[in-house]
Amino acid sequence: MADNSTAIKTKNHESYLDYKGKHSGLLGWILSTDHKRIAILYLVVISAWFLIGVVIGFLIRLELLTPGGTIVGAQTYNAFFTVHGIIMLFLFVIPGIPAIFGNFFLPIMIGAKDVAFPRLNLLTWYLYVIGGAFVIIAIFLPGGAPDSGWTFYIPYSIRTSTNMIITLSATFILGFSSILTGLNFIVTIHRMRAPGMGWFKMPLFPWALYATGWIQVIVTPIIGITLLLVIVERVFGVGLFDPSLGGDPILYQHLFWIYSHPAVYIMAVPAMGVITEIITVYSHRTIFGYKAIAYSSLAIALLGSLVWGHHMFSSGMSDTANFVFSLLTFLVAIPSAIKVFNWTATLYKGSIELEPPMLYALAFIFLFTIGGLTGIMQGTLSLDIHLTDTTFIVGHFHYIIFGTAGFGLFGGLYHWFPKMFGRTYNKKLAKVGFWILFTGFNILYFPMFVMGWLGMPRRSYDYLPEYQSYQVISTVGSWILILGLILIVYSFIKALRSGERTTEKNYCGGETLEWKVETPPIHENFYEIPIVTGGPYEYKQNELEPEGVN
Amino acid sequence: MSLEENTAVHLHKDDKASKLGMWLFLLTELTLFGGLFLMYAVYRFTHQAEFHIAAKSLNTFIGTLNTSILLTSSLTMALSITAIRKGNKNLSLSFQGITIFFGLLFLLNKYFEWSHEINIGNFPGSESLLSKSQGEILFYGLYYVMTGLHALHVIIGMIVIAVMMRFTMKNIINRNDNFKLEAAGLYWHLVDIIWIFLFPLFYLIS
């Protein structure tokens with residue numbers, strides 16, 4: 001329910017950035033139910049958390065520069081990797097793309113004025129901020145920062161004296177925020193598509209958000225109840241997980257991964273949606289295999305929810321369970337590969353412009369392929385025994401999560417930045433930043449595959465001297481990567497402060513509805529709700545269509 | 001179409017969207033409890049005989065009474081919606097009040113039940129429970145967690161219905177616009193349905 005009582009005619013032609021509602025100044029932002037303003041609120045807080053996560057990641061790498069304690073001891077190192085994981089997963093990549101670009105562009109791309117439940121949308125942001133505050137409290141309260149790893153495995157998470165209860169509450173609240181965002185998007189897509197926009201006339205980013213929404217709604221409550229039970233376990237000693245009282249720690253792992261594996265797709269699928277938009281725009285070609293990409297999002301959502309057991313091959317499941325989970329894991333590779341092939345086919349004979357967003361999209365395909373193929377290696381039962389709990393897995397999930405959600409987010413931000421803020425950025429600076437980031441990324445994470453293959457355990461602050469050369473390369477990689485990040489952040493800040501103002505509606509030749517609204521968009525996006533007649537990607541080869549609302 | 005006009009195809013109030021949102025929310029509640037039911041299934045499978053023994057200590061009479069109370073409250077909830085649709089505001093208010101009253105009655109019984117269990121030492125961490133078998137400890141762990149979470153939902157449901165009573169008094173909920181009450185009803189029925197599963201799983205397996 002949109003909560004505004006304004007008349008039918010939209011007289012206000014101001015951009016959403018200048019729009020004056022009931023409140024002004026900061027209140028006009030933090031009390032606004034405008035989906036675009038909420039997206040910017042998310043962008044600000046998520047970026048802050050990302051940078052904090054990066055700093056902790058930097059410290060982790062620095063500690064691993066030499067064997068033994070380099071800058072911190074074992075306990076602090078345990079807190080480092082735990083907090084790094086919690087921040088990067090629950091506060092950065094899980095909300096990330098849906099909360100920022102989903103909020104901003106989903107209503108515009110389907111031709112709606114806002115999401116279905118604007119007030120609920122604002123509530124999710126507050127829940128997100130409160131969850132983040134809990135994480136800060138958990139870090140600094142006496143008792144010590146959490147040190148169980150972000151997976152909170154039993155029995156350690158019910159034994160450790162660090163601030164587990166607050167940390168678990170934080171993730172519970174953040175889960176609530178995520179569920180409500182997913183619910184809101186599903187209803188928005190069902191009910192608010194513009195007249196004429198059938199399901200298969202919808203752009204593919206909304207399709208990706210739709211699949212993601214279902215994952216969020218169905219599996220997030222399970223981690224909610226599981227983490228709640230760990231709290232209950234700590235407070236009352238109920239014994240549902242505690243092995244000394246008859247509880248089963250393996251059952252905890254099942255319940256945890258029933259959510260946390262699909263959560264990987266909560267991170268990756270929206271990024272795939274962003275990449276799909278970028279690739280079709282900057283190769284100026286109709287997307288290849290529209291339906292295949294749409295359906296493969298749903299297939300990933302479905303199959304991805306059935307493979308959680310591959311996190312537990314060495315935990316003591318039955319051989320039958322291991323076999324089934326391994327098989328299902330291989331099956332997820334199919335819809336993922338369908339996407340990669342369709343992107344590549346879209347590029348074929350396209351007139352490719354190597355703009356900054358396109359560089360991120362191409363890097364995405366490259367990194368996702370490496371991450372995906374190493375994932376298949378770990379899905380193989382015999383190899384997994386060798387690779388479990390080594391840095392191989394750390395390399396793998398950074399390629400997957402940073403390589404998809406992170407690169408998707410940066411690519412999307414460069415792609416849509418002028419549309420969101422009405423300012424252009426320095427493309428040269430953006431490209432330099434990209435290449436440094438990309439180089440640093442591979443120098444940082446690729447040695448982890450090699451080290452892990454040779455047996456370097458993960459989550460250890462100390463290691464045998466023979467691994468040092470790899471660790472040094474990796475740490476140097478982290479410095480290069482951070483240099484790239486600094487340039488990228490600088491390019492955005494510079495663009496916000498002194499970037500050239502632009503009101504060009506369609507600066508990149510896109511075909512979807514966001515390129516037909518004002519730059520930056522007006523308060524309720526459209527002067528009149530568009531009536532959609534064609535598909536979302538009708539590119540005439542190398543030719544820009546005239547502007548204007550359909 | 002000129003730029004100044006708005007076709008107003010976008011509805012400002014869309015009950016169908018709200019209803020879909022409500023059903024999705026109920027789905028999340030189901031998966032929330034689903035995690036617990038999954039645990040119950042696993043532990044019951046691994047500790048069948050001990051669950052059987054532990055369940056003997058629960059009072060089937062109170063359980064049955066509570067089941068009938070909650071089922072009846074679902075009826076009164078449904079009646080309150082029918083009443084408001086027929087334009088009978090006061091009747092609807094009474095039925096909503098009765099629903100809350102049944103909720104209270106349910107919680108009162110639950111209170112007596114839990115006190116009884118705690119008095120005889122069947123609570124987490126107690127010495128007498130810890131001296132029992134692991135299956136019995138798990139049974140009581142699940143009993144307290146699942147009925148406790150359910151009771152929490154009953155309390156939330158009662159608060160929601162109380163708010164609905166206020167809305168009905170102020171005519172925000174009326175003959176033509178009563179989706180809020182219907183949504184509250186859906187929630188209350190969910191609470192009821194979950195109890196219908198909890199009842200046999202804990203009380204009727206002895």
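## Terms and basis

A residue is called buried when its relative accessible area is under 20%, exposed when it is over 50%, and partly exposed in between, with a 1.4 Å probe and protein chains only. By this scale Arg459(A), at 31% relative accessibility, counts as partly exposed.

This is a predicted model, in which local features need pLDDT of at least 70 and side-chain atom pairs count only at pLDDT 80 or more, while totals for chains, interfaces and linings use all residues. Residues are numbered from 1 along each chain as its sequence is written, chains are lettered from A and ligands numbered from 1 in the order in which they are written, and side-chain values use heavy atoms, with hydrogens and water left out.

## Backbone features in the loops

Arg459(A) lies in the loop between α15 (427-453) and α16 of chain A; helices here are DSSP runs of H or I with at least four residues, strands are runs of E with at least two, and both are numbered from the N terminus. The phi of Arg459(A) is positive, near 55°, in a residue other than glycine. Asp389(A), also not a glycine, has a positive phi of about 60°. Asp389(A) sits in the loop between α13 (381-387) and α14 of chain A and is partly exposed, with a relative accessible area of 48%.

Cis peptide bonds occur before two prolines. From Ile154(A) to Pro155(A), omega is near 5°, and Pro155(A) belongs to the loop between α5 (118-140) and α6 (156-159) of chain A. Between Thr519(A) and Pro520(A), omega is about -15°; Pro520(A) falls in the segment after α16 (468-498) of chain A.

## Helix α7 and the largest cavity

Helix α7 of chain A covers residues 164-191. The expected span of a helix is 1.5 Å times one less than its number of residues. For the 28 residues of α7(A) this gives 40 Å, and the end C-alpha atoms are 41 Å apart, which agrees. Of these 28 residues 22 are buried, so α7(A) is largely enclosed by the rest of the structure.

The whole structure holds 4 cavities of 30 Å³ or more. A cavity is a set of points, on a 1 Å grid over the protein atoms alone, where a 1.4 Å probe fits but cannot get out; its lining residues have an atom within 4 Å of a point. Points are joined across faces, edges and corners, and a volume is the space filled by probe spheres set on them.

The largest cavity has a volume of about 170 Å³. It is lined by 18 residues, of which Phe90(A), Ile94(A), Pro95(A), Leu174(A) and Ser178(A) are closest to its centre. Helices α4 (96-109), α7 and α8 (204-236) of chain A each give two or more residues to the lining, and α7(A) gives the largest share, 6 residues. The lining has 11 nonpolar, 7 polar and no charged residues, where Ala, Val, Leu, Ile, Met, Phe, Trp, Tyr, Cys and Pro count as nonpolar, Asp, Glu, Lys and Arg as charged, and the others, Gly among them, as polar.

## Core and helix α14

A nonpolar core is a set of buried Ala, Val, Leu, Ile, Met, Phe, Trp, Tyr and Cys residues joined through side-chain atoms within 4.5 Å. The largest has 242 residues, and those with the most contacts inside it are Phe101(A), Phe407(A), Met420(A), Met39(B) and Phe202(B). Helix α9 (residues 249-282) of chain A supplies the largest share of this core, 22 residues.

Contact means heavy atoms within 4.5 Å. Leaving aside neighbours within four places in sequence, Met420(A) is in contact with residues including Tyr16(A), Phe101(A), Leu413(A) and Pro520(A). His398(A) lies in helix α14 (residues 391-421) of chain A and, at 15% relative accessibility, counts as buried. Not counting residues up to four places away in sequence, His398(A) touches His84(A), Gly403(A), Phe441(A) and Tyr445(A).

Note on methods: 1 Å grid on protein atoms, 1.4 Å probe; cavity = no way out; pocket = protein on both sides within 12 Å on 5 of 7 lines; lining within 4 Å.
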